[in-house]
Amino acid sequence: MIPAQFSYRRAASVSEALDLAAEYGEDAKFLAGGHSLLPLMKLRLALPEVIIDIGRLRDLSYITDGGDHIAVGALTRHHDLEHSELLARELPLLAHTAGQVGDPQIRHRGTIGGSLAHGDPASDLPAVVLALDATLVARGPAGEREIPSGEFFDSLFETALQPGELLTEIRIPKPPVRGWSFQKFTKRAIDWAIVGVAVQGNAVGLVNMGETPLRATAAERALASGAGLTEAAALAAEGAHPSADINASREYREHLARVLVGRALEEAATRA
Amino acid sequence: MKVELTVNGELVAADVEDRMLLVHYLRDVAGLTATNVGCDTTSCGACTVLLDGESVKSCTLLAAQADGASVITVEGLADADGTLHPVQQAFREQHGLQCGFCTPGMVMAIVSLLRENPHPTEEQVRSGLEGNLCRCTGYHNIVKAALAVGRLSGQESTAAENGSAL
């Protein structure tokens, strides 16, 4: 399979990427590592007329300590997140989960910004940035703006990014409660999660439990009001509307969410 | 567009369609057909090559994205005199293949894995190969081959690095 025809443009700087995006408008898509977009293009599920390759913007690949937060450049690869000593120390949930994305080859190419901007509810990292209360930084024709992770994921494959806007940085506050866990249930090692759970302290992010990645708010509220872990885990699927597909029914996903949230809370408690 | 790659140490340049995938560039332009197209959906790893020293799935990369980079395929592993790369030699000794279709990708994935982690545990080898499928289910001997090279390079620390571009 090869993608449909398109024109390839390579950006040498962020400002050139923005200029190209302004020039081509909605006909264009940014290409970072390409590991979400190219498979969709090969299947003709995405048909951009112009590809703006931002994969060489190395100045958007970094992990830095900002004092009360960690700043991660949008083009930082999963492989670099996985092996970052700074993340292992300050945000082990992100480092660990990045190492669970796809497989080593995919992690050599895929980027955190690409994964988030793709807006796939079955991806691992969106639930992690939700659980970490991250802020996403986007640059566009009107300058830079900050988007809270809780307002970033609009619907299936849709995010708050406007045409012409480029996700540039993910700012993650250093978590006040250290305990964390990531759980995912797959049929094969490299598959997308049938359901996944990211826990940091009392924050619980859910993978593949609806049209967007989401927080398990009922379980979080129970924890905040002093409920036990088992009691909170029983509420893990409250308010979620997971889809049914070839891998799982809606009921099975709800069951998995309760089981995995229970396991995640227990594991996080051992690390607190 | 014009795409220039260093493939197994030799410069290859061609005008290709913007949409050409790296695997097709390697097979159809460079004429190196050991790299297989298996699933074509980033799952099976048969198309794994090294891009600037790291394993990637060449069915999920535009040739244009790799422009200017160095690519190593399984054809580029052995020395000019035919001496096999230690990973190839280990596949031979441990009987690490059956039908052979996944082998080029498996070998390249292991070369990359051992560059990042020269002495992996069995568990690290198994999770390091999660992106490569063998439909003969010959995983056990493939893992044995990777572990054999890891042990070998423990005894002769430079053996795996000597005498090749790797």
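**Strand pairing, helix packing and chain contact in a predicted model**

In this predicted model, Lys57(B), a residue of β4(B), is the bridge partner of Thr48(B).

Me: In what sense do β3(B) and β4(B) pair, and over how many bridges?
Reply: The bridge between Thr48(B) and Lys57(B) belongs to the pairing of β4(B) with strand β3(B), which spans residues 48-51. The two strands run in the antiparallel sense, and the count of bridges between them is four.

Me: Which strands are the edge strands of the open sheet in chain B?
Reply: The sheet is built from five strands with mixed pairing, in the order β2-β1-β5-β3-β4. Averaged over the sheet and with direction ignored, neighbouring strands are turned by 40° against each other. An edge strand pairs on one side only, and this holds for β2 (10-15) and β4 (54-57) of chain B.

Me: At about what angle to β3(B) does helix α3 of chain B run?
Reply: Helix α3(B), residues 103-116, lies across both β3 and β4 of chain B. Relative to β3(B), the helix runs at about 35°.

Me: How is α2(B) oriented with respect to α3(B)?
Reply: The axes of α3(B) and of helix α2(B), residues 86-94, come within 9 Å and cross at roughly 125°. Angles of 65 to 115 degrees would count as roughly perpendicular and those over 145 as roughly antiparallel, so the orientation of α2(B) to α3(B) is oblique.

Me: How do the residues of the contact of α2(B) with α3(B) divide into nonpolar, polar and charged?
Reply: From α2(B) come Val87(B), Gln88(B) and Phe91(B), which meet Thr103(B), Val107(B), Ile110(B) and Val111(B) of α3(B). By class, the residues of this contact are five nonpolar, two polar and no charged.

Me: Which helix gives the largest share of the side of chain A that touches chain B?
Reply: Between the chains, 22 residues of chain A are in contact with 25 residues of chain B. On the chain A side, β1 (7-10), α2 (37-42) and α6 (104-109) each supply at least two residues, and that side as a whole comprises eleven nonpolar, eight polar and three charged residues. The largest share, five residues, comes from α6(A).

Me: Why is helix α8 of chain A described as largely enclosed by the rest of the structure?
Reply: The helix covers residues 124-131, and its buried residues include Asp124(A) as well as Leu125(A), Pro126(A) and Val128(A). It is described as largely enclosed because, of its eight residues, the number buried is eight.

Me: Which residue just after α8(A) takes a positive phi?
Reply: The phi in question is about 55°, and the residue that takes it, just after α8(A), is Asp133(A).

Note on methods: Residues numbered from 1 in each chain as written. Chains lettered and ligands numbered in written order. Predicted model: local features only at pLDDT ≥ 70, side-chain atom pairs only at ≥ 80, totals over all residues. Buried ≥ 20, exposed ≤ 12 C-beta atoms within 10 Å, placed from the backbone. Contact = placed C-beta atoms within 7 Å. Nonpolar A, V, L, I, M, F, W, Y, C, P; charged D, E, K, R; others polar. Pairing = 2+ DSSP bridges. Axes fitted to C-alpha atoms, helices over the stretch in contact; angles between N-to-C directions. Parallel < 35°, antiparallel > 145°, perpendicular 65-115°, else oblique.
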